[in-house]
Amino acid sequence: MYPQQPQHPPIAPVPYPPAPPRKRTGLVLAALAAGLVLGAGAVGTVWAVVANDTPSDARADAEAACGALDRFDPDLLLDEGPPGLVHTYRWGGAVTLADAAAETDEGYRPLAESLRAARNTFQTEFGVTAEVTDHLDEARRLCAEF
């Protein structure tokens, strides 16, 4: 017969500490940037399919860009879900329509440049900074002149 082994109490497993919560800021900003690009591309594609390159169309595009900009609220841009997406699409649409107007009539180039500068700064700074707001204010001022 074999000698009996000493009896020890079973060793309980040591629980791992819970993982810290993950920050989703990068994911949200990446989704917003992708939404801006996709929204602008969609509006640009539709415009390219139905466009008629006359000066009156340029004015209509500029007015539509200003209308989208008028309904755009940068404070809601970073909201998750439909409110944030709606404002992302409005901004993208305003940029694309202003670019379309500027391609047809050089008089709308400052509006397109202001909106593009605001978008590029937003994507570089990952937020609505004072510089983004300045560009948006300039675009709104130009819209008031049309």
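The chain of this predicted model exposes about 9,600 Å², an accessible area obtained by the Shrake-Rupley method with a 1.4 Å probe. Carbon and sulfur atoms supply 61% of that exposed area. Of the 146 residues, 32% count as buried, a term reserved for residues under 20% relative accessible area (1.4 Å probe, protein chains only). Residues are numbered from 1 along each chain as its sequence is written. Local features need pLDDT of at least 70 and side-chain atom pairs pLDDT 80 or more, totals for chains, interfaces and linings use all residues, and side-chain values rest on heavy atoms, with hydrogens and water left out.

The chain has five helices and zero strands, taken as DSSP runs (H or I, at least four residues, for helices; E, at least two, for strands) and numbered from the N terminus. In order, the elements read α-α-α-α-α. Among contacts (heavy atoms within 4.5 Å) with a separation of 6 or more, 66% join residues 24 or more positions apart.

The largest nonpolar core holds 29 residues; such a core is a set of buried Ala, Val, Leu, Ile, Met, Phe, Trp, Tyr and Cys residues joined through side-chain atoms within 4.5 Å. Two or more core residues come from each of H1 (25-50), H2 (55-71), H3 (82-104), H4 (109-125) and H5 (130-145), and H3 gives the largest share, seven residues. The residues with the most contacts inside the core are Leu69, Trp91, Leu111, Leu115, Phe122 and Leu136. Leaving aside neighbours within four places in sequence, Leu111 is in contact with Ala62, Cys66, Ala98, Ala139, Leu142, Cys143 and Phe146.

Helix H4 deserves a look of its own. Its 17 residues should span 24 Å at 1.5 Å a residue, and the end C-alpha atoms are indeed 24 Å apart; the expected span is 1.5 Å times one less than the number of residues. Buried positions in H4 include Leu111, Ala112, Leu115 and Phe122. Ser114, also in H4, counts as buried because its relative accessibility is 9%. Beyond four places in sequence, Ser114 touches His135, Glu138, Ala139 and Leu142.

Arg119 is another residue of H4. Arg119 is buried yet has no salt bridge, that is, no side-chain nitrogen of Lys or Arg within 4 Å of a carboxyl oxygen of Asp or Glu. The nearest side chain of opposite charge, Asp99, is 5.2 Å away, with Lys and Arg counted as positive, Asp and Glu as negative, and His and the chain ends not counted. Not counting residues up to four places away, Arg119 touches Leu36, Trp91 and Val95. After H4 comes Phe126, with a positive phi near 55°.

Key. Buried < 20%, exposed > 50% of the residue type's maximum accessible area, 1.4 Å probe, protein only.
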